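Let's take a walk through this one together. Have the chain open in your viewer and turn it as we go.

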Amino acid sequence: MRNRTIDVHCHFFNISFAFAEMLEIGWRWIHSDYPYTSDERGLLKGVGIIPPELKKVARYVASYFASVVRKPGEHYTYEQGCCQQSQWHVAQPLITVPLMMDIFFLFDKGEMEQRRGVMPSLHGGAGKDALNATTISEENADAFDAFAQIMKTAFIPVYKKRASTKEFASAFSAKKMTDIGCDLDQVIAEFKVGHAKEGVRSVAQRSVKRSVQMTRGYSKHLEELQELQRDNPETVLPFLAVDPRRIGIEELVREQVVDGAFKGVKLYPPLGYLPTHPNLYPIYRLCVKHNIPVTVHTSKGGLLSLCDTIKTRSQKRDGTVVPVTFDKKLGKTADLFFANPAGWLEILENSEFSGLHLNFAHFGGEEHIGNLANQKPGEPDHPENWTGQIIGLMERFRNVYADFAYCPNNGMLDNIMKIAKRYPVVQQRLMFGTDYNMVMKESVLVDDLKNYFDSYTGIFPEMLTVNPAAFLG
Ligand SMILES: [Zn+2]
């Protein structure tokens with residue numbers, strides 16, 4: 001793998017994934033079942049009471065995934081084509097690392113866990129039936145249809161807006177707007193069947209143990225990546241999205257990463273948890289034992305938890321667990337509170353995990369990279385600069401890496417070269433990533449991923465090859 005070109009950070013999910021998860025969140029929410037089955041399970045409330053915030057969430061999620069119009073296999077083919085046509089002139093197909101995302105807890109305040117007194121764990125907490133959704137019963141069918149139409153109405157305008165762009169047109173050259181509506185209808189139809197019903201459970205579902213909470217969009221995308229990996233074993237190395245609040249997540253990592261098609265683990269703390277969440281410790285243990293790489297979102301912005309307050313927990317290296325409350329009113333947004341690289345010290349300074357293969361995705365983000373690159377000679381590093389903090393961790397820990405995915409703007413190649421010349425460790429640990437398809441939102445790319453590859457022509461070749469190969473093991 002050492003001479004092959006690697007995109008260590010991309011995504012092959014699409015808007016159907018986001019829509020399925022939104023239906024899952026919304027339908028459970030109006031039944032007081034979100035994110036787990038409630039002891040006080042209420043009677044079915046009318047669709048009329050769908051709270052306005054739920055519709056707002058649906059529109060927000062739709063806009064975040066607006067650039068994501070291809071099916072996973074189409075994403076893969078498109079990215080390969082763009083790389084081939086770029087000025088890079090790579091001889092062999094690009095190795096891609098598609099990262100899953102888990103958006104199910106976007107709306108979770110942590111109250112259920114508080115009420116239960118313990119965080120859900122492998123076999124604990126909610127009853128079996130709560131974990132996996134079943135079919136929509138006949139008596140609920142009308143209510144569900146009405147609910148699904150409301151959610152669909154929140155998504156459709158986003159498609160319409162996107163339809164005028166070149167990238168959308170190329171992805172959907174042969175399709176009409178009505179077909180896109182049909183994609184959502186298909187999600188609705190699949191939702192009604194439910195994946196827990198015997199006979200219709202998907203490949204992923206059949207392999208996933210019943211003690212793992214599998215929501216529909218998450219489960220379907222997992223299966224799509226399994227399939228894509230099977231068809232392209234050399235060039236698709238997917239990472240499993242891990243959220244410590246998903247019941248049975250350790251079990252899922254064992255099955256899908258240790259023994260399955262997934263190469264690594266993806267964490268996204270701004271959705272509402274710290275790297276020191278107690279349920280992540282068993283995952284880190286597996287990662288160290290089996291040499292599994294971990295990629296963690298580390299920049300400002302991105303998709304943030306939609307809750308203003310979140311109750312969660314943090315575990316210290318001596319095993320003590322303390323309650324933690326995030327409160328937006330205190331001045332920090334969820335990205336600053338949860339994604340700060342300093343939050344990893346407790347893990348990396350723990351001798352058990354100091355060898356963890358850890359990639360700080362986005363290298364702190366464009367703004368921090370730019371600030372560090374352009375500071376005056378002799379000026380001390382700003383302690384709050386995340387890029388500087390990550391470099392500090394690279395210097396202390398042998399397997400700490402970073403990728404500069406989602407840095408589409410002019411001047412970023414220069415900035416990265418400047419930093420790499422100043423800090424030798426960066427030349428050995430920094431990696432190229434596109435953040436396709438999230439990055440397609442950026443107008444500077446004029447809807448063509450080829451422009452992203454072109455803008456990094458001349459980058460240190462190690463960042464495309466040896467560094468990611470070493471990170472991936
Ligand atoms: Zn990303």
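Helices and strands here are DSSP runs, numbered from the N terminus, with at least four residues for a helix and at least two for a strand. Keep in mind that what you're looking at is a predicted model. With that numbering, the protein chain has 20 helices and 10 strands. Of its 473 residues, 48% are buried. Take the contacts between residues at least 6 apart in sequence: 82% of them join residues at least 24 apart.

Start close to the N terminus, with strand 1, residues 6-10. A residue counts as buried if 20 or more other C-beta atoms lie within 10 Å of its own, and 5 of the 5 residues of strand 1 pass that test, so this strand is largely enclosed by the rest of the structure. Strand 1 runs parallel to strand 2 (residues 95-98), and 3 bridges join the two. For one of the pairings, look at C10, whose bridge partner in strand 2 is P98.

Next come two helices that meet. Helix 1 (residues 15-29) and helix 2 (residues 52-64) have axes that come within 10 Å and cross at roughly 165 degrees. Angles over 145 degrees count as roughly antiparallel, which means helix 1 is roughly antiparallel to helix 2. The crossing itself is right-handed. On the helix 1 side the contact uses A18, M22, G26 and W29, while helix 2 brings L54, A58, V61 and A62. Sorted by class, that contact has 7 nonpolar residues, 1 polar and no charged ones. In the loop between helix 1 and helix 2 you'll find P35, joined to Y34 by a cis peptide bond with omega of about -5 degrees.

Another pair is helix 3 (residues 72-85) with helix 10 (residues 216-231), whose axes are 9 Å apart and pack at an angle of about 45 degrees. These two helices are therefore oblique to each other. Here P72, G73 and Y76 of helix 3 meet E224, L225 and L228 of helix 10. This contact divides into 4 nonpolar residues, 1 polar and 1 charged.

Now swing round to the open sheet of 6 strands, which pair in parallel in the order 3-4-5-8-9-10. Strand 3 (239-241) and strand 10 (430-431) are at the edges with a single partner strand each, so one side of each has no neighbour in the sheet. Further in, strand 5 (residues 294-299) and strand 8 (residues 358-364) run parallel and are joined by 5 bridges. One of the pairings there puts V294 opposite its bridge partner L358 in strand 8.

What packs against the buried residues of helix 15? Strand 8 does, along with helix 16 (386-396) and helix 17 (412-422). The buried residues in question are E366, H368, I369, G370 and L372.

A few backbone oddities are worth a click. Most residues other than glycine have a negative phi, and most peptide bonds are trans. H362, in strand 8, has a positive phi of about 80 degrees and is buried, with 29 other C-beta atoms within 10 Å. N291 also has a positive phi, near 60 degrees, but sits in the loop between helix 12 (281-290) and strand 5. N291 is partly exposed, with 13 other C-beta atoms within 10 Å. Finally, a cis peptide bond with omega of about 0 degrees joins Y436 and N437, and N437 lies in the loop between strand 10 and helix 19 (450-455).

Key:
Residues are numbered from 1 along each chain as its sequence is written. This is a predicted model: local features need pLDDT of at least 70, side-chain atom pairs count only at pLDDT 80 or more; totals for chains, interfaces and linings use all residues. Axes are lines fitted to C-alpha atoms, for helices over the stretch in contact, and angles run from 0 to 180 degrees between N-to-C directions. Angles under 35 degrees count as roughly parallel, over 145 as roughly antiparallel, 65 to 115 as roughly perpendicular and the rest as oblique. A crossing is left-handed if the near helix is turned anticlockwise from the far one by less than a right angle, and right-handed if clockwise. Two residues are in contact if their C-beta atoms, placed from the backbone, lie within 7 Å. Ala, Val, Leu, Ile, Met, Phe, Trp, Tyr, Cys and Pro count as nonpolar, Asp, Glu, Lys and Arg as charged, and the others, Gly among them, as polar. Two strands pair if DSSP finds at least two bridges between them. A residue is buried if 20 or more other C-beta atoms lie within 10 Å of its own, exposed if 12 or fewer, and partly exposed in between; C-beta atoms are placed from the backbone.
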